[in-house]
Amino acid sequence: MSVVREIAERRASDLQEQLDSASRPAMARVARMAPPPRDLLARLTAPGLHIIAEVKRRSPSAGSMAVPRSVVEQARSYEQGGASAISVLCEPHWFDGSLDDLRAVREAVRLPVLAKEFVVDVRQLAVLRGAGADLVLLLAVLHKARALRSLVREARSLGLEPLVEAHNERELERALSSDARLIGINNRDLHSLEVDPDRAARLRHLLPDDRLAVAESAIKDPSAVIRLRALGFDAALIGEALMRSPEPAAAVAAFAAAGRPPADVAAEERLAEVKICGITDEDGLLAAARAGAQYIGLNVVAGTPRALDVGRAAQLAITARSLPNPVLVVLVTADASGRDLQRLVEAADPDIVQLSGNEPLEVLSGLNRPAWKVLRVTTGAADTVDQARAWLDSGACDRIVLDAAHPTLLGGTGLPVERDVAAEIARQVPVMLAGGLKPETVAAAVLGVPALGVDVASGVEVRGTVPPRKDALAVGLFVKRARSARFDQPQVESRPQPVAPGLVEADVRGRWGVERDLGGRYVPETLVPALVELEQTYAQVRHDPTFWAELRELLSHYAGRPTPLYRADRLAATISPKLRLYLKREDLAHTGAHKINNVLGQALLARRLGKTRVIAETGAGQHGVATATACALLGIPCVVYMGARDIERQQPNVLRMQALGAEVRPVQSGSATLKDAINDAMRDWVASVGDTHYVLGSAMGPHPYPTIVRDLQRVIGDEAAAQIRHIEGRLPHIVVACVGGGSNAIGLFARFIGEPSVRLVAVEAAGEGVSTGHHAAALSAGGLGIIHGARTLLLQDGDGQVTEAHSISAGLDYPGVGPQLAALARAGRLELATATDTEALRAMRELAASEGILPALEPAHALAALPDLPGMPGRGGEDELLVLLGLSGRGDKDMGHLAAHA
Amino acid sequence: MTRDTPGSLRVRDAFATAAAEGRIGFVPYVVAGYPEAGTSESVALAAIDAGADVLELGLPYSDPLADGATVQRASAAALAAGATLSRSLALVERVCRARPATPVLVMGYVNQFLGPTGADKVARRLADAGAVGAIVPDLTPDEGAALEDAFLGHGLALIYLVAPTTPTDRAAAIAARGGGFLYLVSLAGVTGARSSLPASLKALVTRVKSVSPLPVAVGFGVSRPAHVRAVARTGADGVVVGSALVDALGPAGEDIAGLTQLCRQLRAATTLRPAVVEGRHVGLPAAC
């Protein structure tokens, strides 16, 4: 017998008499006399996931949950802990709930209260509202579509907000066909009481973004809330876990904290900005500001639906600027002459002027505000890009607003721009995407188009209002969806990158380069199925927000991200008085180098792949230590291959790996260094492919490794760009990194490849000097060939035999380099430099003496190359230079070298 | 697709001939230039004379990641003794001239073919030396088009490998692109003598043969006559033996007699039908 039907039947029979006896007018009166409803929806449009905390004494699935606190005390604890609403059980037989509980809780707290009732009769709604309920649960399982719709309508007419709950696709369809704005997905099957803990997560994608989404049941731990937030749930209903907690306030606080979007400096840079356009009154302005929009648009184009007269626009602009968090004002004009524009600007004093007509470039001269130009896509991406460039190159226009074309309508058409065309344009020039966007479509738009922001007018208005008025809830929801779409998606494109695509992304075959002639997959057949499986699994993971949300937790709480950006003034002074040098301190990450970023991600991947063993290669030992660390954390056995020569010169790291429980296998063959360790790791993998994941340590090797490692290391540059922008208000002039296999370099560079004004400098190990032939400078002195599965630049003889590399630093002592870096070098996007063993040691000492930082020998090479950089002030350059340098690791492991070469 | 090049046809014919003689094809592998050029030539000729249907000459490489310790050591020794591509090709030429009836393949790594020398030049030099083709263990058809074209242009066979981890439809696709024979790697691992072959070998061979227009030869791990007989029983068309022969040359790499003896034993084990010894059948129940 279905539990929910049993309860529903009992409810119906219990309430029969009571409902039949009360007259409709009497009930309506009771409902009207209730205190005015408290709103939850606006609260739910605030960023993140909010907690609806439930009070109950018993349930059919959990049994008794009696606590030494009264229902009111429990509710107050929830409020104290930061809940956004309280849910109160009203059903007496299975849950020991009552209407009295509802009344008492409603009086005791300031929060909205949800009546967790089994509504079987529409007349219950007035009673519940009369008892003070602000929200009511409606179960899709109990009602056919039409009945559900009418219940929703009736509830809303009473000021009672329905939460319509579903457990499967069919129920969800019914729920969505009603007008309910709040939809819940229950992990529990109400017929059998069985729990499917991933149900809500799996079905979330079926909920359009214009509804607020609530996950219910079996949420036991804050880590579950992190996942739900990443999936786009706006609330979670939590009951049992809180009832069973000895400290409910603290428990709620923990869940609420997990629901808040975590601080993520790298993410901030990629979030879409939002402009709410066509504001016609103060309410609209305030709605936009409260929602967190960056811009509002004030339209002064006479004859259009949202047109304001200049005086009114000026008033609203003043109000906008007076807000505690000011919103930038965009004045929307069309086909005004240069002189008229100046007059309008003077009168309304906006921050930005938008040109929405067919203006000629000349109108920009004399306009002393930044301008945005509206372009309508008519003849395809390339033409629009050309037009855009003409405007942007003028220097007075810094953004394009992309809108759909319409034969007659001027201004916003409300029609969407074709996604692929918009994406192509946004990849080349800075774009605000407009055109028919709405809360339910904006997230997909922002994920599919690398626009800097989105622009909306009609999509967030109350229908039928004249002049059009903004719907505050729709505005709030629009901004939330637009801003959260990219938050857990570090791999999504979010800005123009006007360089050849092959420098930024591999193709489906793993090919890099302008000609797509680098990279690929040159491996024994035995490895192909494993690489294909890795590629397919990673493809799923790459855009899975829960993966990146989980990784972010590890990177921040375990690895210590974000790493500091440190301004090294004392060192800079020894090089040039006009040098401002920032060091990105990857040496301060857990395990002392950037390797941890890649390893934590790959360990999570290994778990997704179901692998029970991990192998790795290591040169200096940093990657080996990081791998051993992650494996200890995740409980996976680990074998690290290390060249016998490297074992000798990096003993401390060997001991660390062993202390962390990894097995270190010496490699005697070949040169007994990194390349040979890779060979042995690959030989192991060929034989152990079924249960083993190979955690490759650098952005090299066969596809998909160069992509995966780059994706996991790009957090370095993403953070550094945001950090330097905060401090300096701009991106650096030059970014410098040392290159061995290339992971720290590509991690630092990735963010800047598509910024033509930023120079990228790769510093390789010159060993005893490039001319001696004893070095490791594959980019500078190597040729095209294939090593370790990828076509790239490497040191080789005429027969294709790999030449041994030579460097004092084990981490740079590699004769090859990753294919993306090789592609960048060949395309001229990278400047190349080298530093000898001696120079690196000297630079190590200089940093130690001037800043009290002991760098690893590897990044010491990058430091050594600074004085001779072309354009360094005092060496032919006269302007101030802002330089960002990757300090990829700490130098404890290299103290022996320093002492030996004193 | 090099299936019908002259080089490929010579290899396929060699397997056909063996089959007609009631045997599977015997493909020994020796490292060119090991222990040094002169001895290496004698080793190669000895392997041919001991009954090779096709000879594989390994080109020594700095980073042989598909090879186990035995071949790694031999490769390193050959390089230390001065092996280069030119010298290896000169060896190929001498061997081909001395034994024109036996098809000679080289085995090398992809950077030796698609690296600085360039596919077309390597192909031309191979063809000029008299080789019939090459096996490149770190090259799959996913990246093989350029080398296939070069080999096609010079009449050579490009031999691809199939592994136990290869799904059947992919095995079919690989076989369709290959020339000479299809090299079936018997185990998930690198080269090197093993004490026994995987129990599932017969099923593997059956599956791969069903989708291969080329003869299928099993290699990796085969080291004893018993292994060869086991391979013969699986229905494979041929067997490749490498590391065991390198081991048979002894620590100094000079024991040609040892190699010859092992080759003869392995070759003898390739017969499919019971051997006729002095008019008597062996291997049949005594009652017959």
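Where in chain A is A:Ser217 found? In this predicted model, A:Ser217 sits in the loop that runs between strand E9 (212-216) and helix H10 (222-230) of chain A. The backbone there deserves a second look: phi of A:Ser217 is near 80°, a positive value in a residue other than glycine.

Two further backbone features involve proline. The peptide bond leading from A:Arg561 to A:Pro562 is cis, and its omega is near 0°. A:Pro562 belongs to the loop between helix H22 (545-558) and E21 of chain A. A cis peptide bond also links A:His703 with A:Pro704, here with omega at about 15°. The loop that holds A:Pro704 lies between strand E26 (692-694) and helix H29 (705-713) of chain A.

The loop with A:Pro562 leads on to a sheet. Six strands of chain A form an open sheet with mixed pairing, in the order E21-E22-E32-E27-E28-E31. At its edges are strand E21 (565-567) and strand E31 (830-836) of chain A, each of which pairs on one side only. On average, and with direction ignored, neighbouring strands of this sheet are turned by 25° against each other. E21(A) and strand E22 (residues 579-585) of chain A run antiparallel and are joined by three bridges. Within this part of the sheet, A:Leu565 stands opposite A:Lys584 in E22(A).

Helices lie across these strands. Helix H30 (715-728) of chain A lies across E21, E22 and strand E32 (881-887) of chain A, and runs at about 140° to E22(A). Helix H34 (residues 837-851) of chain A lies across E21, E22, strand E28 (759-767), E31 and E32 of chain A. The direction of H34(A) is at about 90° to E31(A).

H30(A) also takes part in a pocket. The second largest pocket has a volume of about 800 Å³. Its lining is made of 27 residues, and the closest to its centre are A:Leu452, A:Arg495, A:Arg725, A:Arg751 and A:Glu755. Helix H17 (381-393), strand E16 (397-404) and H30 of chain A each contribute at least two lining residues to the second largest pocket. The largest share, three residues, comes from H30(A). Sorted by class, the lining of this pocket holds 13 charged, nine nonpolar and five polar residues.

Enclosed spaces come next. Rolling a probe the size of a water molecule over the atoms shows where empty space is left. The structure contains 10 cavities of 30 Å³ or more, and the largest cavity encloses about 320 Å³ of space. Around the largest cavity there are 30 lining residues, with A:His594, A:Lys595, A:Ser743, A:Gly811 and A:Glu858 nearest its centre. At least two lining residues of the largest cavity come from each of strand E23 (613-618), helix H25 (622-634), helix H28 (674-688), helix H31 (743-749) and helix H35 (857-865) of chain A. By class, this lining is made up of 16 polar, 10 nonpolar and four charged residues.

The second largest cavity, with a volume of about 130 Å³, brings chain B into the picture. It is lined by 18 residues, and those nearest its centre are B:Tyr183, B:Thr191, B:Val241, B:Gly242 and B:Ser243. Strand E9 (238-241) and helix H11 (243-248) of chain B are the elements that give two or more residues to this lining. The lining of the second largest cavity divides into 10 nonpolar, six polar and two charged residues.

Two helix pairs of chain A round off the picture. Two packed helices are described by the angle between their axes and the distance between the axes. Helix H15 (residues 310-322) and helix H16 (residues 338-348) of chain A have axes that come within 8 Å and cross at roughly 45°. H15(A) is therefore oblique to H16(A). Their contact involves A:Val310, A:Ala314 and A:Ala317 of H15(A), together with A:Leu344, A:Ala347 and A:Ala348 of H16(A). By class, the residues of this contact are six nonpolar, no polar and no charged.

In the other pair, helix H21 (residues 528-542) and helix H24 (residues 595-609) of chain A pack at an angle of about 110°, with axes 10 Å apart. This angle makes H21(A) roughly perpendicular to H24(A). From H21(A), residues A:Glu533, A:Leu534, A:Thr537, A:Tyr538 and A:Val541 meet A:Leu605, A:Arg608 and A:Leu609 in H24(A). The contact of H21(A) with H24(A) comprises five nonpolar, one polar and two charged residues.

Key. Residues numbered from 1 in each chain as written. Chains lettered and ligands numbered in written order. Predicted model: local features only at pLDDT ≥ 70, side-chain atom pairs only at ≥ 80, totals over all residues. Heavy atoms only, no water. 1 Å grid on protein atoms, 1.4 Å probe; cavity = no way out; pocket = protein on both sides within 12 Å on 5 of 7 lines; lining within 4 Å. Points joined across faces, edges and corners; volume = space filled by probe spheres on them. Helix = DSSP H or I, 4+ residues; strand = E, 2+ residues; numbered from the N terminus. Nonpolar A, V, L, I, M, F, W, Y, C, P; charged D, E, K, R; others polar. Pairing = 2+ DSSP bridges. Axes fitted to C-alpha atoms, helices over the stretch in contact; angles between N-to-C directions. Contact = heavy atoms within 4.5 Å. Parallel < 35°, antiparallel > 145°, perpendicular 65-115°, else oblique.
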